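These notes are meant for a colleague who is opening this model for the first time. Please read them with the structure in view, taking the points in order.

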Amino acid sequence: MQTTVLLTVALGAFAGSAHGGPIAHSVDDFVLATADGIGVDGVAVDPGSASDAAQQGHGDSSGSGVWTYGLGRSGDGQSFSGGFPLLNNWDNGTWTTLTNTPAIVRASGQAPAGSGISADPMTYRRWTSNGSNAGELLTAQVRITLTNALSDGVTMVFNTRDAGFREVLIAPDALNQEQVFSIDFVDTEDTWVLLGINPGGVNGPSGSDFFNDFVQVELTITPAPGAVALLGLAGASGMRRRR
């Protein structure tokens, strides 16, 4: 099944993309950052060691933006306490909290933390553009798979600064079934794309099941197929879902 929701359409000037492949790739960029000899807070460490972190704010492989990893309350990008609070503990390949919670963000996976709005339940990864492709139409694509049979499902939060926001229940009957979601957006400096996971399943957030809510995820930023860049735009965007 495929559904397309057109959020905004605007006309602008044409600009072709200079990139043939992904501009940013959440898994590949994370892995590269764990082999660059830079640890938490930018300190030098042995390349590839357990201390070699995918440090907060590390770049993507194309030099077009940076990645950050956090734990927040809201998916709208505006209501996080203090903005976009970051996870604060690096543990051999995984961002976690310092407290004893299941909140994790790693190269190809993610799990939420709490059972209610006051618990900062949503883990997220966020790509922020430096404007290298300003004016070009890009596609943010999420590939997500629920992998734990004990989960009652999770809620995916897929958000951009300018091109729309969507929450989607990844239900337990979709166990081990990859789902793909895309949003088209126009690149500008400081625009961002966020992928969040919260523990809201078929029974809502529940302290009895959020420990089981691990998902496999991949977020990529690529040139939109046949992209017509929309310069000076408030946003030309669409969301597509494919199962």
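1. Two strands are said to pair here if DSSP finds at least two bridges between them, and the elements themselves are DSSP runs numbered from the N terminus, helices being H or I runs of at least four residues and strands E runs of at least two. In that sense His25 stands opposite Thr220 in β15, and the strand β2 (residues 24-25) is joined to β15 by 2 bridges, the two running antiparallel.

2. A word on the basis of these notes: this is a predicted model, in which local features need pLDDT of at least 70 and side-chain atom pairs count only at pLDDT 80 or more, while totals for chains, interfaces and linings use all residues. Residues are numbered from 1 along each chain as its sequence is written, and side-chain values use heavy atoms, with hydrogens and water left out.

3. β15 has further partners. Strand β8 (residues 109-111) is joined to β15 by 2 bridges in the antiparallel sense, with Gln110 opposite Val215. β10 also pairs with β15, antiparallel and over 9 bridges, and here Leu146 is the residue that stands opposite Val215.

4. An open sheet is formed by 6 strands in the order β3-β4-β9-β14-β11-β12, with antiparallel pairing. Its edge strands are β3 (58-59) and β12, each of which pairs on one side only.

5. Within this sheet, β14 deserves a careful look. Strand β9 (residues 122-129) pairs with β14 over 6 antiparallel bridges, and Trp127 stands opposite Val193. β11 is likewise joined to β14 by 6 bridges, again antiparallel; Val157 has Gly196 as its bridge partner in β14, and Asn159 stands opposite Leu194.

6. How many residues of β14 are buried, taking buried as under 20% relative accessible area, exposed as over 50% and partly exposed as in between (1.4 Å probe, protein chains only)? The count is 7 of its 7 residues. In a regular strand the side chains alternate between the two faces of the sheet. Both faces of β14 are covered, with Trp192, Leu194, Gly196 and Asn198 buried on one side and Val193, Leu195 and Ile197 buried on the other.

7. The term nonpolar core denotes a set of buried Ala, Val, Leu, Ile, Met, Phe, Trp, Tyr and Cys residues joined through side-chain atoms within 4.5 Å. The largest one has 39 residues, and those with the most contacts inside it are Ile144, Met156, Phe158 and Ile221. Among the elements that give two or more residues to this core are α1 (26-33), β4 (65-72), β13 (179-186) and β15 (215-223), while β10 gives the most, with 5 residues. Apart from this core lies another, of 5 residues, among them Met122, Val157, Trp192 and Leu194.

8. Salt bridges, each a side-chain nitrogen of Lys or Arg within 4 Å of a carboxyl oxygen of Asp or Glu, come to a count of 2. In one, Glu178 meets Arg143 with the closest N and O atoms 2.8 Å apart, and this pair links distant parts of the chain, since Glu178 lies in the loop between β12 and β13 and Arg143 in strand β10, 35 residues apart. Glu178 counts as partly exposed because its relative accessibility is 40%, and Arg143 is partly exposed as well, at 23%.

9. In the other salt bridge, Asp162 and Arg161 have their closest N and O atoms 2.9 Å apart. Asp162, with 40% relative accessibility, counts as partly exposed, and Arg161 is partly exposed with a relative accessible area of 33%.
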